[in-house]
Amino acid sequence: MKKMLFTGNWNRFPFLESYHGKTIVEHFDYQKPPRDDDSSFIWRNGFKPIQLMRELSKGGYGLVWCDKEYLERYYSMNQPHKLGFTLASGIPVIVRNGCVHSDFVREKGLGYVVDSLEEADNLVQNTSDEEYAKMTSNIAPYQYMLLNGVYTKKLLMDTLICVLEK
């Protein structure tokens, strides 16, 4: 699917106002932004988490993105949630090079790590159906683990072992 999907409050992410690429960005937010829909942007009303996950799972690329320094610090804490939510939806992600999870995304083939939205736009436009299918295949085990609480169970077990060993 040749689209990028972004969840978040319009006011925190000014890149949404200036993005004008070939790949449409679908923006999910409960409040309608001041930008009108056009050939590179469409607003979709917000959804509750399970409904949003269903919407994302229809295909596209989850845009886990931020472009301001103070938001980068905030996003370094929020990004694991956004990344996990997107991967649990079963779609590839697009993250900024150097972000908290860029190495993980690159090494596991879970999407694209880019320096700019222009680069992301170009990659999405030039991704074949086979390449997209390979990324979704790479995501499948992580989707399973996220949806079944494997990471949470592991954290709890590791914590219990640590406490009991002391």
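**View 1. Strand β5 and its two parallel neighbours.** In this predicted model, G62 sits across from V93 of β5. That contact belongs to the parallel pairing of strand β4 (residues 61–64) with strand β5 (residues 93–96), which is held over 3 bridges. Strand β5 also runs parallel to strand β6 (residues 111–114), and here 4 bridges do the joining. Look for V95, which stands opposite V113 in β6. To get from β5 to β6 the chain passes through helix α4 (residues 102–108), and this β-α-β crossover is right-handed. As a reminder for reading the strands, side chains in a regular strand alternate between the two faces of the sheet.

**View 2. A salt bridge within helix α4.** Zoom in on the crossover helix and you find R106 in a salt bridge with D103, with the closest N and O atoms 3.1 Å apart. Both residues lie in helix α4, 3 residues apart, or about one turn of the helix. In an α-helix there are 3.6 residues a turn, so residues three or four places apart point the same way. As for cover, R106 counts as partly exposed because its relative accessibility is 42%. D103 is partly exposed too, with a relative accessible area of 47%.

**View 3. The two sides of helix α2.** Which residues of helix α2 (residues 49–56) are buried? They are L52, M53, E55 and L56. Seen down the axis of α2, these buried residues fall within an arc of 160°, so they line one face of the helix. The face turned away from that buried side carries the exposed residues I50 and R54.

**View 4. E55 and its partner K58.** E55 is one of the buried residues of α2, and it is paired with K58 in a salt bridge, the closest N and O atoms being 3.0 Å apart. The two partners differ in cover: E55 is buried, since its relative accessible area of 14% is under the 20% limit, whereas K58 counts as exposed because its 54% is over the 50% mark. The pair is also part of something wider, as K3, E26, R44, E55 and K58 are linked in a network of salt bridges.

**View 5. K3 and E26, a bridge between strands.** Staying with that network, the side chains of K3 and E26 meet in a salt bridge at 3.1 Å, N to O. This one ties together distant parts of the chain, with K3 in strand β1 (residues 3–7) and E26 in strand β2, 23 residues apart. Are these two residues buried or exposed? Both K3 and E26 are buried. For the whole model, the salt-bridge count comes to 7.

**View 6. G21 in its loop.** G21 has its place in the loop between α1 (15–18) and β2 (24–29). With a relative accessible area of 16%, under the 20% cut-off, G21 counts as buried. Its C-alpha atom is separated from that of G46 by 23 Å, the two residues being 25 apart along the chain.

**View 7. A nonpolar patch on the surface.** Here M157, L160, I161 and L164 form a nonpolar surface patch, with about 410 Å² of accessible area together. One of them, L164, is found in helix α7 (residues 150–165). Why does L164 count as exposed? Because its relative accessible area is 65%, over the 50% cut-off.

Note on methods
Residues are numbered from 1 along each chain as its sequence is written. This is a predicted model: local features need pLDDT of at least 70, side-chain atom pairs count only at pLDDT 80 or more; totals for chains, interfaces and linings use all residues. Side-chain values use heavy atoms; hydrogens and water are left out. Patches are made of residues with over 30% relative accessible area and no salt bridge: like charges are joined within 9 Å, nonpolar side chains (Val, Leu, Ile, Met, Phe, Trp, Tyr) within 5 Å. Accessible areas come from the Shrake-Rupley method with a 1.4 Å probe; for residues, only the protein chains shown count as cover. A salt bridge is a side-chain nitrogen of Lys or Arg within 4 Å of a carboxyl oxygen of Asp or Glu. Buried means under 20% relative accessible area, exposed over 50%, partly exposed in between (1.4 Å probe, protein chains only). Two strands pair if DSSP finds at least two bridges between them. A crossover is right-handed if, with the strands pointing away from the viewer, the path from the first strand over the helix to the second runs clockwise. The arc is that of the directions from the helix axis to the C-beta atoms.
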